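Good morning, everyone, and thank you for making time for this. I would like to walk through one structure with you, slowly, and I will ask a few questions as we go.

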Amino acid sequence: MAILRKREIENLEQLSGEELERFLDSLPERQETVSELLDHLEDELYESECDHSLRLSMKFMMDRGLNFPKFTSWLNNNGGYCDCKVMEQIAPIWRRKFGDD
Ligand SMILES: [Zn+2]
């Protein structure tokens, strides 16, 4: 039997005040860094197709010396199994909450 676990990111829209702060504290990286990753992926995927890995995300993390095991597991837990899934599953919710830039 498949267990459908609700993705943390799906609750983001409802969060405010202390709850939102707790969410931001629980992120693997700073809010701005996540926004930068989304912008970066959008640009890169405009130029090239997703190869169904987190190749572009990994490169972004490596270039900045980020904690990529932690960051990729957060992406995976929120449905971002590859670069295009990050854009499909995480970016719309993230941007609705925090804006486009
Ligand atoms: Zn993909």
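Let me begin with helix α5: at which residue does a kink lie in this helix? Please keep in mind, as we look, that this is a predicted model. The kink lies at Ile 90, in a helix that covers residues 83-98, and it amounts to about 45 degrees. If you follow the chain a little further, you come shortly afterwards to a proline, Pro 92. Just after α5 comes Gly 99, and the phi of Gly 99 is positive, near 90 degrees.

Now let us step back and look at the whole chain. From the N terminus on, the elements run α-α-α-α-α, so that we have five helices and zero strands. The radius of gyration is 13 Å, close to the 13 Å that the globule rule gives for 101 residues, and the chain is therefore as compact as a globular protein of that length. Along the principal axes, the C-alpha atoms fill a box of roughly 40 × 35 × 25 Å. Of the 101 residues, 18% count as buried. If we take the contacts between residues at least 6 apart in sequence, 61% of them join residues at least 24 apart.

Which residues of α5 are buried? They are Asp 83, Val 86, Ile 90, Ala 91 and Trp 94, and here a general point about helices may help you. An α-helix has 3.6 residues a turn, so residues three or four places apart point the same way. The buried residues of α5 pack against three other helices, namely α2 (31-47), α3 (55-63) and α4 (68-77).

Let me take α2 as the partner first. The axes of α2 and α5 come within 10 Å and cross at roughly 130 degrees, and these two helices are therefore oblique to each other. Their crossing is left-handed. On the α2 side, the residues that meet α5 include Val 34, Leu 38, Leu 41 and Leu 45, while on the α5 side we find, among others, Val 86, Ala 91 and Trp 94.

Finally, how do α2 and α3 pack? Their axes are 10 Å apart and the angle is about 130 degrees, so α2 and α3 are oblique to each other, and the crossing of this pair is right-handed. Here Leu 37, His 40, Leu 41 and Glu 44 of α2 meet Leu 56, Ser 57 and Phe 60 of α3. You may notice that Leu 41 is named in this contact with α3 and also in the contact with α5.

Terms used
Residues numbered from 1 in each chain as written. Predicted model: local features only at pLDDT ≥ 70, side-chain atom pairs only at ≥ 80, totals over all residues. Bend = angle between axes of the 7 residues up to and from the residue. Helix = DSSP H or I, 4+ residues; strand = E, 2+ residues; numbered from the N terminus. Buried ≥ 20, exposed ≤ 12 C-beta atoms within 10 Å, placed from the backbone. Contact = placed C-beta atoms within 7 Å. Rg over C-alpha atoms; globule rule 2.2 N^0.38 Å. Axes fitted to C-alpha atoms, helices over the stretch in contact; angles between N-to-C directions. Parallel < 35°, antiparallel > 145°, perpendicular 65-115°, else oblique. Left-handed = near helix turned anticlockwise from the far one by under 90°.
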